[in-house]
Amino acid sequence: KISEDYKASSLFLFASTCEKLAFILLEAISFGLPVITTNKKPMKDLVNGENILFDSLNIDDIKKSIIANMDKHILTKISEKNYHASKNYTWKKNVRESLVFFKSNI
């Protein structure tokens, strides 16, 4: 059901202020969705600076960011970049890098 919702969406808004690793953002970018999210870490690091960032504690900033970026051309460009960027996140790569980290710190 979730993958159907992603496929039916044209935009992904994520306003969380507290995440360790926002897997939901990785899911959204893997579906090529343009992302509007908070300027807080780790969200701003996951979206590669091509997406629209806002202050999630400022409702006017959220509103302004959404309205200012409803241009289909901008959203399509972000969508394409997100899809390609999502290929950098794989379980295989994650496991490999985690093992290297653990070996170097044991």
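**Close-up 1. Ile36 of strand E2 is paired with Ile52, its bridge partner in strand E3.** In this predicted model, strand E2 and strand E3, which covers residues 52-54, are joined by three bridges and run parallel. On E1, Leu13 also has Ile36 of E2 as its bridge partner, and three bridges join E1 to E2, residues 35-38, again in a parallel arrangement. Between E1 and E2 the chain passes through helix H2, and the resulting β-α-β crossover is right-handed. Strands of a sheet pair through backbone hydrogen bonds, and such pairing may be parallel or antiparallel.

**Close-up 2. The three strands form an open sheet in the order E1-E2-E3, with parallel pairing.** Because E1 and E3 each have a single partner strand, they stand at the edges, and one side of each is left without a neighbour in the sheet. From one strand to the next, the twist averages 15°. Helix H4, made of residues 59-68, packs on this sheet and touches E1, E2 and E3, while its direction makes an angle of about 165° with that of E3.

**Close-up 3. The largest nonpolar core contains 13 residues, and those with the most contacts inside it are Phe12, Phe14, Ala22, Leu25, Ala28 and Val35.** At least two residues of this core come from each of E1, H2 and helix H3, the last of which spans 43-46. Helix H2 gives the most, supplying four residues to the core. When neighbours within four places in sequence are left aside, Leu25 is in contact with Phe12, Phe14, Val35, Thr37, Met43, Leu46 and Val47. A second core, separate from this one, has six residues, among them Ile52, Phe54, Ile62 and Leu75.

**Close-up 4. Ser16 lies in the loop that runs between strand E1 (12-14) and helix H2 (23-30).** Is Ser16 buried or exposed? Its relative accessibility is 18%, and because a residue under 20% is classed as buried, Ser16 counts as buried. The side chain of Ser16 makes a polar contact of 2.8 Å with the side chain of Glu19, and the side chain of Ser16 also reaches the backbone nitrogen of Cys18 at 3.3 Å. Apart from neighbours within four places in sequence, Ser16 is in contact with Thr38, Met43 and Ser56.

Technical notes:
Residues numbered from 1 in each chain as written. Predicted model: local features only at pLDDT ≥ 70, side-chain atom pairs only at ≥ 80, totals over all residues. Heavy atoms only, no water. Buried < 20%, exposed > 50% of the residue type's maximum accessible area, 1.4 Å probe, protein only. Polar contact = N/O pair within 3.5 Å; in protein donor to acceptor, adjacent residues only side chain to side chain. Contact = heavy atoms within 4.5 Å. Pairing = 2+ DSSP bridges. Right-handed = clockwise from strand over helix to strand, strands pointing away. Core = buried A, V, L, I, M, F, W, Y, C linked by side-chain atoms within 4.5 Å. Axes fitted to C-alpha atoms, helices over the stretch in contact; angles between N-to-C directions.
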